[in-house]
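Let's take a walk through this structure together, starting with the chain as a whole and then stopping at a few places along the way. Keep the view open as you read.

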Amino acid sequence: MQRDIFKKVIYLNKPDYDYIFKWEYQQNQVIKGYPKKTRGTCVQGVMKNETCYHVVLNEYDLAFIKDMAKATKTYSRDGKSIYLNKVLEYFFPCEKIYIDRRACFYPVTTIYDCDKYNITEGNTSDVYKGSTYEFDMWMMDTWVECPKNKKERETIEAEEKRKSIEKVNTVLLKDSVVAALKEAGIETAFIPSNNSMYGDRAYLRVADRKNWNALVMTAINHYINEIAKDYDFEVAVPTDKRKIKSTSKLNEYTPIFFLDSIKITNN
């Protein structure tokens, strides 16, 4: 086996890296993922690994793998083919290794025939006979976090400013807005910033469908009357309990006002 060290940088967004450590690192020796060749932008952080090991398995190694798999039946998931993650578990039993998941799509070799397999770059739909098998791998303990770039710093600064405004408005204005809407007949619910929706931004929503309908009809009525006042008339919010229930699902067929509710004004 030949193992050469050289610089080949790969990147992972920190949320993906954290997921690996939370769910995979403790259970799997070989971590499979989709590393990026270029640095992306992620305000939560970007991890970099530049110490790459290029490994070449020769004919002797491949023959040894076949014999080992025949004897133990442990390193083959289907009883016929041997895949890269199982090879690494055998040759590097004490190391935590990161590899490109695509390198595990096809077998390194098969157990019972004399073929030796390799994968051609750009032609991963098939395998062909070859005398060696080559691949790249990185160690899990050589990841480092990249410094924040300009775009990430600007995004973080903008988010901190937004949170500051949100905090002030929550303390000083939220109760007044809730009270004003309640006086207009609209009950609301306050959702704090630790929610999982809308980017963890605090927000107000209506309490239920009844209040949603009330808000929609009130807003439509205000809008129509803003237009109507220039023509010396006004309209009332449509109410007809026989057909328009407070819990109805409003749509384009819902009356926006009844003709018998038009009132001439003396402006």
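**From the whole chain to single residues**

Of the 267 residues in the chain, 31% are buried. Please keep in mind as we go that this is a predicted model. The chain holds six helices and 14 strands. Among its contacts with a separation of 6 or more, 71% are between residues 24 or more positions apart. Turning to the outside, the chain exposes about 17600 Å², and carbon and sulfur atoms supply 53% of that area.

Let's begin the closer look with a strand. Strand S1 covers residues 2–13, and Asn13 is in it. Is Asn13 buried or exposed? Its relative accessible area is 15%, and because buried means under 20%, Asn13 counts as buried. To see what surrounds Asn13, set aside the neighbours within four places in sequence: Asn13 is then in contact with Lys36, Cys42, Gly45 and Val46.

Now move along to helix H3, which spans residues 84–91. Which residues of this helix are buried? They are Leu84, Asn85, Val87 and Leu88. If you look down the axis of H3, these buried residues fall within an arc of 160 degrees, so they line one face of the helix. A general point helps in reading this pattern: an α-helix has 3.6 residues a turn, so residues three or four places apart point the same way.

Our next stop is a loop. Ile244 sits in the stretch between strand S13 (233–234) and strand S14 (263–264). With a relative accessible area of 18%, Ile244 is also under the 20% cut-off and therefore buried. Which residues does Ile244 touch, once its neighbours within four places in sequence are left aside? The contacts are with Pro238, Pro255 and Phe258. One of these partners, Pro255, lies 11 residues from Ile244 along the chain, and the C-alpha atoms of the two are separated by 8.6 Å.

Pro238 leads us on to the last stop, the second largest pocket. Pro238 is among the residues that lie nearest the centre of this pocket, together with Ala214, Thr239, Lys245 and Ser246. In total, 15 residues line the second largest pocket, and its volume is about 330 Å³. What classes of residue make up the lining? There are six nonpolar, five polar and four charged residues. Pro238 thus joins the last two stops: this residue is in contact with Ile244 of the loop, and Pro238 also helps to line the pocket.

Definitions and conventions: Residues numbered from 1 in each chain as written. Predicted model: local features only at pLDDT ≥ 70, side-chain atom pairs only at ≥ 80, totals over all residues. Heavy atoms only, no water. 1 Å grid on protein atoms, 1.4 Å probe; cavity = no way out; pocket = protein on both sides within 12 Å on 5 of 7 lines; lining within 4 Å. Points joined across faces, edges and corners; volume = space filled by probe spheres on them. Nonpolar A, V, L, I, M, F, W, Y, C, P; charged D, E, K, R; others polar. Buried < 20%, exposed > 50% of the residue type's maximum accessible area, 1.4 Å probe, protein only. Helix = DSSP H or I, 4+ residues; strand = E, 2+ residues; numbered from the N terminus. Arc of directions from axis to C-beta. Contact = heavy atoms within 4.5 Å. Areas by Shrake-Rupley, 256 points an atom, 1.4 Å probe, with all protein chains shown as cover.
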